[in-house]
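These are my notebook entries on one chain. I set down each question as I looked it up, followed by what I found.

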Amino acid sequence: MAMEVHWYDFVCFGIVGVAFCGSLWVIWKKEGSGKYEDKTMYESLLVARPDSEGYIGATRLGHVSSSQLWRSCWRGVHPVWLLLLRSVSFFVMVGFLIWDVLKWDASIFIYYTEWTFSLVIVYFALGSCMSAYGCWVYSLKPNSENGVTEDLEDSSWSSTATATAVAFRAQEIRGTIKLQSHYDQEAIQRRAGSLGYLMQIAYQTSAGAVILTDIIFWCVIVPFLSNAHLGLNMLMGCMHTLNAFFLILDASLNSLPLPWFRLSYFVLWSCIYVIFQWVIHAFGFPWWPYPFLELSTPWAPLCISAWLFFTSPATESSH
């Protein structure tokens, strides 16, 4: 091994190991347990039921309905606005990432900033797909309702017997529309369930990672650790501003929940990055992108503990 290991490094290994295993345990307990909430609509995050109008007794704890992936939390806001925000955010951030790679080459992905920035891009890509699907679903509802309304208005002069026939006709129209789109909706909703699960993970992982990244950059790196790669310039300033700016805008419009236990994915994400750094240095990588992750100093356990302190809220339980 090219990396020299000291006794205090094993303390760091233990801290990261506990955080990693603890996060897996929280995810297994909350995501994979049999806990359910009563009197909620059945619409699994992983596989959505084709007919989502029915209710059953329970759903899994912390579930997210497929409509929450594309609906706004504000009444009357059309899903197209969320689609526009997510699409613009995606293309702008991809542009800055390409600029970053062209300036420094692909080795820039050794930094946690680029990991987090790429993850936010993945979230906005998935979010754009979900919003586009939501706009399609949203466009179907007014058309079907308007068709029924027109039939009812045209037959408003009828007698009681005719009114009964109109009601039957309205039900038939609904059934026809439902049958026409049944197979397309079933296929898209199943796909949306899988992508929705990945989207929720990316959303909550990005939320924690962006906060951690920007706090460290603006409060630690810029004042004390600036160098050729980490110094404040237009590119770095924009990357460490736009990620939070676009996520805050999206969070102010979307209706996605933020259960605390899913921040365990953020802890896993950070642990994987630290382990990645240790592995590449064990195979001879010559320098550390972040000095506070370096293992050759006796202060390494304290630095790792401070990092763990910032990610510790992920281990809290939520209802």
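Is Ser 128 buried or exposed? I note beforehand that the model is predicted. I found Ser 128 to be buried, because its relative accessibility is 14% and the limit for buried is under 20%. I placed Ser 128 in helix H3. Leaving aside residues up to four places away in sequence, I listed Leu 83, Arg 86 and Ser 87 as the residues that Ser 128 touches.

**Entry: the chain as a whole**

I counted 8 helices and 2 strands in the chain. Following the sequence, I wrote the pattern down as α-β-β-α-α-α-α-α-α-α. The chain has 319 residues, and 42% of them count as buried. I then looked up the accessible surface of the chain, which is about 17100 Å². Carbon and sulfur atoms account for 68% of that surface. For contacts between residues at least 6 apart in sequence, I recorded that 79% join residues at least 24 apart.

**Entry: the salt bridge**

How many salt bridges does the chain have? I obtained a count of 1 salt bridge. The partners are Asp 250 and Arg 86, and their closest N and O atoms are 2.9 Å apart. I noted that Asp 250 belongs to helix H6 and Arg 86 to helix H2, so the pair ties together parts that are 164 residues apart in sequence. As general background, side chains of opposite charge can pair when their charged atoms come close.

I next checked the accessibility of both partners. Asp 250 counts as buried, because its relative accessibility is 0%. Arg 86 is likewise buried, with a relative accessible area of 0%. I add that Arg 86 is one of the residues touched by Ser 128.

**Entry: the largest nonpolar core**

Which residues touch the most other members of the largest nonpolar core? I found these to be Tyr 123 and Trp 278, in a core of 52 residues. The helices that each supply at least two residues of this core are H1 (7-31), H2 (79-104), H3 (112-154), H5 (182-224), H6 (234-253), H7 (264-282) and H8 (300-311). Helix H3 gives the largest share, 10 residues. In soluble globular proteins, nonpolar side chains tend to be buried together.

**Entry: a nonpolar patch on the surface**

I also looked for nonpolar side chains on the surface. Val 80, Trp 81, Leu 84 and Val 88 make a nonpolar surface patch of about 380 Å². I took Trp 81 from this patch for a closer look and located Trp 81 in helix H2. Trp 81 counts as exposed because its relative accessibility is 53%, and the limit for exposed is over 50%.

**Entry: Leu 253 and Cys 73**

Where does Leu 253 lie? I placed Leu 253 in helix H6. At 23% relative accessibility, Leu 253 counts as partly exposed. Not counting residues up to four places away in sequence, Leu 253 touches Arg 71, Ser 72, Cys 73, Trp 74, Leu 82 and Leu 85. From C-alpha to C-alpha, I recorded 9.7 Å between Leu 253 and Pro 79, which are 174 residues apart in sequence.

I then turned to Cys 73, one of the residues touched by Leu 253. Cys 73 sits in the loop between strand S2 (58-60) and H2. Cys 73 counts as partly exposed, at 44% relative accessibility. With residues up to four places away in sequence left out, Cys 73 touches Ser 252, Leu 253, Asn 254 and Ser 255. The C-alpha atoms of Cys 73 and Leu 256 are 8.4 Å apart, while 183 residues separate the two along the chain.

**Entry: cysteines and one unusual angle**

How many disulfides are there? I obtained a count of 0 disulfides, the cut-off being cysteine sulfur atoms within 2.5 Å. I looked up two further cysteines. Cys 129 is partly exposed, at 45% relative accessibility, whereas Cys 135 is buried, at 15%.

Lastly, I checked Asp 105 in the loop between H2 and H3. Asp 105 has a positive phi of about 75 degrees although it is not a glycine. I recorded Asp 105 as partly exposed, with a relative accessible area of 43%.

Conventions. Residues are numbered from 1 along each chain as its sequence is written. This is a predicted model: local features need pLDDT of at least 70, side-chain atom pairs count only at pLDDT 80 or more; totals for chains, interfaces and linings use all residues. Side-chain values use heavy atoms; hydrogens and water are left out. Buried means under 20% relative accessible area, exposed over 50%, partly exposed in between (1.4 Å probe, protein chains only). A nonpolar core is a set of buried Ala, Val, Leu, Ile, Met, Phe, Trp, Tyr and Cys residues joined through side-chain atoms within 4.5 Å. Helices (H or I, at least four residues) and strands (E, at least two) are DSSP runs, numbered from the N terminus. Patches are made of residues with over 30% relative accessible area and no salt bridge: like charges are joined within 9 Å, nonpolar side chains (Val, Leu, Ile, Met, Phe, Trp, Tyr) within 5 Å. Accessible areas come from the Shrake-Rupley method with a 1.4 Å probe; for residues, only the protein chains shown count as cover. A salt bridge is a side-chain nitrogen of Lys or Arg within 4 Å of a carboxyl oxygen of Asp or Glu. Contact means heavy atoms within 4.5 Å.
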